[in-house]
Amino acid sequence: MDGFCVAFRIPFLMYFITPGSSTCLKGCSCVDETQGRSLLCMETYMGQIPEDIPHDFTKIRMENCHLMELPLGSFSKLGTLEFLWLNFNDITLMNIKSLQGLANLTELRLQGNKLTSVPWTAFQDTPRLKILDLKHNRLDVLPEYSLKHLPVLTYLDLSFNQLSVISKDVFMNWPLYQKAERVWAKEGSVSNVVLALHENPWLCDCRLKGFVEFIQAVGPPIILMNSYLLCSGPASKVDTFFHKIQLKTCTKPVASAPETNINVPPGANVTLSCLVKARPGPSIEWMHSQKIIRGFTATVTPIDEETVNSTLVIPSLYLANGGLYTCLANNFIGNSSAEITVNISALSNSAPLLPPSPILSPDENTSIDIRIAKQTVYGITVEWRAAMENPAETWFTVHFGKYDSPKRETIYIGPGINSYSVSDLLPVTKYEVCVTLKNHPPREGQCVVFVTGSDVSEMEQRERLIHIVVVVCVMVLSVPVGMYACTTEARFSCADRCGNLWRKPYLWSRNRNRQEAEFQGVESQGPESQGIDSLGAFDSLQAASDEVLCRDLQAKAKKKQKSDDRCKGGSAAYLY
């Protein structure tokens, strides 16, 4: 008898001490039900999915637990899990392998989170999923093959999201829909599929034509939870039901100009007009001598549902304003343009020859302080400040292009604008951006040279920019694409030498406001005395420089090469 008791107690104790078998999480409750064990966590602050969840649950419900994301293999050890409810959390990110190991999952509810996208291929790991609830999130895109890996789904709720345009091919490519249609046509009966798409800001233009027709014709086995879908735009169709509209096919823009040749005297005002017909509505840009125009007033006025009128107002014409103007219209189908020639008639003695802004010759000492003010994953924003007599009437020209390329993009910037953004930069490429007075060539101190890095994937994942250190040499910016920047005053050999120093673990801090005050100082300093120090203040960056640190670095560099004096004209920031 004693031997029997010992033999019984050993497996009994092993049952309780086996990891993940019958314990319960702190702040949660565990219930044994007929369908298996359930874990219930309500309003328990977690922040992340616990790693010590017992493995024998068939149902997990974690609501209002402040969960932020679903990481890789969040529930990979819970092979018996069938029901997973994660409603009303703060989930913004879902890893592509977050559902790994959940081959028996039949119900997933993610209502009331902050998801802007879903990795739809993640559902390859849930072949038995029947219920997917994604309502009250922030989804704005539904890819064409998003439902490809949901072959047995019977309930899909995408209501109360931010969907505006989707293709009917999303449902045409759904294996379940294809199978249900075949069975319905053959047997006349099949299991219904409930689909909820209401309360989304649907944009009822030509891009939604196929989807609207699908909704208008939908029937068993597809059942809409709410069949009265409403348009949120364009203005002519706001609050109109899908079943009351007929949409046309999308077309590329067709641009035309009522007047293609205009003769005006100098000093007069002129308005250029361009009519564009397109579905959907186009974006319109004006160009002068093949350069994008910024500064003049351009407006777009709707004529009807398919036609808009774009006007460009040029006040007080000067000789430089004459020539060829182009109205360029684009949509996702294609583009079109219309050209208008502006002829300036013979000048009178009283007519103005040049704009009233002080256009100085290239050899005059006009200081333009330029800095890189903002960095994004694929671009930068430059800002500049110039000491001018009439800043409200001063035009600038931005010159941008690859450093070794003679071809540069030139953009005219009108009065009152002191910034310009450059995007779609290529990795491992050296660029130069310069700011000059209008139609003037770049001068020393008016340019910034930067080199984009190569490790984009790693830097994209970082939400905050890292600390940087400023030393004497060429400038390196800690931007998400890993940019290296310098002024044209600093020689590039100096940049090569400083490139070896940036890896050293220097960290220095100084009050950011002090640097911004230096940049915005009352007395404007010339580029030779200021160098790139005027770039010391960066939005979203913590940059600093210190004379002691710079002297230490210079002293080390002098031991290797005596020509370090060439570095005195520039400044640098190093990331690590």
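Let's start with a pairing: strand β24, covering residues 380–386, runs antiparallel to β27, and four bridges join the two. One of the contacts puts Thr381 of β24 opposite Ser421, its bridge partner in β27. Keep in mind that this is a predicted model.

That pairing belongs to an open sheet of three strands, ordered β23-β24-β27, with antiparallel pairing. The edges are taken by β23 (368–375) and β27 (419–422), each of which pairs on one side only. Going from one strand to the next, the twist averages 25 degrees.

Now for the cysteines. How many disulfides does a search of the whole structure find? The answer is six. Here are some of them, with the S to S distance and the torsion about the S-S bond.

| Pair | S to S distance | S-S torsion |
|---|---|---|
| Cys204 and Cys231 | 2.0 Å | about -95 degrees |
| Cys206 and Cys250 | 2.0 Å | about 100 degrees |
| Cys434 and Cys447 | 2.0 Å | 110 degrees |

Take Cys204 and Cys231 to begin with. The torsion about their S-S bond is about -95 degrees, so this disulfide is left-handed. Cys204 sits in the loop between β11 (202–203) and α4 (209–217), while Cys231 is in strand β13 (residues 231–233), so the bond ties together parts that are 27 residues apart in sequence. Cys204 has a relative accessibility of 1% and counts as buried; Cys231, also listed at 1%, counts as buried too.

The loop between β11 and α4 also holds Cys206, whose partner Cys250 lies in the loop between β13 and β14 (251–256). This pair therefore ties together parts that are 44 residues apart in sequence. Is the disulfide of Cys206 and Cys250 left-handed or right-handed? At about 100 degrees around the S-S bond, it is right-handed. As for exposure, Cys206 counts as buried at 9% relative accessibility, and Cys250 counts as buried at 17%, where the cut-off for buried is under 20%.

Further along the chain, Cys434 and Cys447 are joined as well. Their link is right-handed, with 110 degrees about the S-S bond. Cys434 belongs to strand β28 (residues 430–437) and Cys447 to strand β29 (residues 447–451), and the two cysteines are 13 residues apart. Cys434 counts as buried at 1% relative accessibility, and so does Cys447 at 3%.

Then there's Cys65. Why is there no bond between the sulfur of Cys65 and the closest cysteine sulfur? That closest sulfur, in Cys41, is 5.5 Å away, which is too far for a bond, given that a disulfide needs sulfur atoms within 2.5 Å. Cys65 is buried, with a relative accessible area of 0%.

Last, a look at open space. Rolling a probe the size of a water molecule over the atoms shows where empty space is left. The second largest pocket holds about 450 Å³ of space. Its lining has 22 residues, and the closest to the pocket centre are Asp205, Pro234, Lys237, Glu305 and Glu306. Which elements give two or more residues to the lining of this second largest pocket? They are β16 (270–279) and β20 (307–314). By chemical class, the lining of the second largest pocket divides into eleven nonpolar, four polar and seven charged residues.

Definitions and conventions: Residues numbered from 1 in each chain as written. Predicted model: local features only at pLDDT ≥ 70, side-chain atom pairs only at ≥ 80, totals over all residues. Heavy atoms only, no water. Pairing = 2+ DSSP bridges. Axes fitted to C-alpha atoms, helices over the stretch in contact; angles between N-to-C directions. Buried < 20%, exposed > 50% of the residue type's maximum accessible area, 1.4 Å probe, protein only. 1 Å grid on protein atoms, 1.4 Å probe; cavity = no way out; pocket = protein on both sides within 12 Å on 5 of 7 lines; lining within 4 Å. Points joined across faces, edges and corners; volume = space filled by probe spheres on them. Nonpolar A, V, L, I, M, F, W, Y, C, P; charged D, E, K, R; others polar.
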